[in-house]
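Colleague: Hi! I'm new to this one, could you walk me through it?
Modeller: Happy to, here it comes.

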Amino acid sequence: VDVVDDSDDSSSKMSFDLPSPVEELPAQVAEMELEEDASLDKMTAARDTDETEGGLEFQSKDLNQWTKVDVGHWLVSRGLDEERCVFYNAGIDGKSLQNLDQPNLAEIGVSDDHQSSIIGAIRALLITQTAKADQSNSGSILPPPTLAQNDSSSRVPS
C-alpha cells in the first residue's frame with residue numbers, strides 16, 4: 001500500500017507491506033494443524049497410558065463411568081478404529097454415548113458408512129450393560145432354586 005504525504009511540498013511517498021488474506025491463510029492452517037496435533041497427542045498419550053494398564057478396563061466399568069478414552073477403546077474393540085478421534089474430539093464419554101442417535105453422529109463427523117454400525121453397537125452395549133446391572137442387583141444370573149414339593153401326586157406308585 002502506498003501512502004502519499006501531501007502535507008508539505010515534498011511529495012514523500014511511504015510504502016507499507018500489508019499481508020493479504022491469502023498470505024495469512026497458511027499461518028491459520030498451520031495453527032489449526034498444531035491444535036489438531038495437540039489434541040491427537042493428548043489422545044495418544046491417554047491411549048498409551050491405558051494400554052500399558054491393560055486398555056480393556058472399560059469392559060469392567062459401568063457405562064456411566066466411561067471416559068473419552070474408554071469410548072475410544074470400545075470403538076476399537078468393535079472394529080471402528082477410524083472413528084476414535086472423532087468421538088474423542090467431540091468429548092463423547094459413556095454418559096453421552098448412551099444418548100447418541102444418527103443425526104448426532106452425522107453432526108460430530110462420523111462417516112455415513114459407520115453410522116448404522118455405531119447405532120447397532122450402542123444398542124448392543126446398552127443391552128449388555130442392562131444385563132450386567134440386573135445381574136449385580138440380583139447377585140446371580142441363575143434363577144432361584146425351587147424346592148421339591150412333597151405332594152403325593154408327584155410320587156411314583158410302588
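Colleague: What area does the protein expose, and what share do carbon and sulfur atoms supply?
Modeller: The protein exposes about 11400 Å², with carbon and sulfur atoms supplying 52%; the areas come from the Shrake-Rupley method with a 1.4 Å probe, and for residues only the protein chains shown count as cover. This is a predicted model, where local features need pLDDT of at least 70, side-chain atom pairs count only at pLDDT 80 or more, and totals for chains, interfaces and linings use all residues. Residues are numbered from 1 along each chain as its sequence is written, and side-chain values use heavy atoms, leaving out hydrogens and water.

Colleague: Thanks! How many helices and strands are there?
Modeller: The protein has 6 helices and 2 strands, which are DSSP runs numbered from the N terminus (helices H or I, at least four residues; strands E, at least two). Along the sequence the pattern is β-β-α-α-α-α-α-α.

Colleague: Let's zoom in. Is Gln-115 buried or exposed?
Modeller: Gln-115 counts as buried because its relative accessibility is 6%; buried means under 20% relative accessible area, exposed over 50%, partly exposed in between (1.4 Å probe, protein chains only). Gln-115 sits in helix α6, residues 112-138.

Colleague: And which residues is Gln-115 in contact with, beyond its neighbours within four places in sequence?
Modeller: Those are Gln-102, Leu-105, Ala-106 and Val-110, where contact means heavy atoms within 4.5 Å. A polar atom of the Gln-115 side chain also lies 3.1 Å from the backbone oxygen of Val-110.

Colleague: How much of the whole protein counts as buried?
Modeller: Of its 158 residues, 21%.

Note on methods. A polar contact is a pair of N or O atoms within 3.5 Å; within protein, one must be able to donate a hydrogen and the other to accept it, and residues adjacent in sequence count only if both atoms are side-chain atoms.
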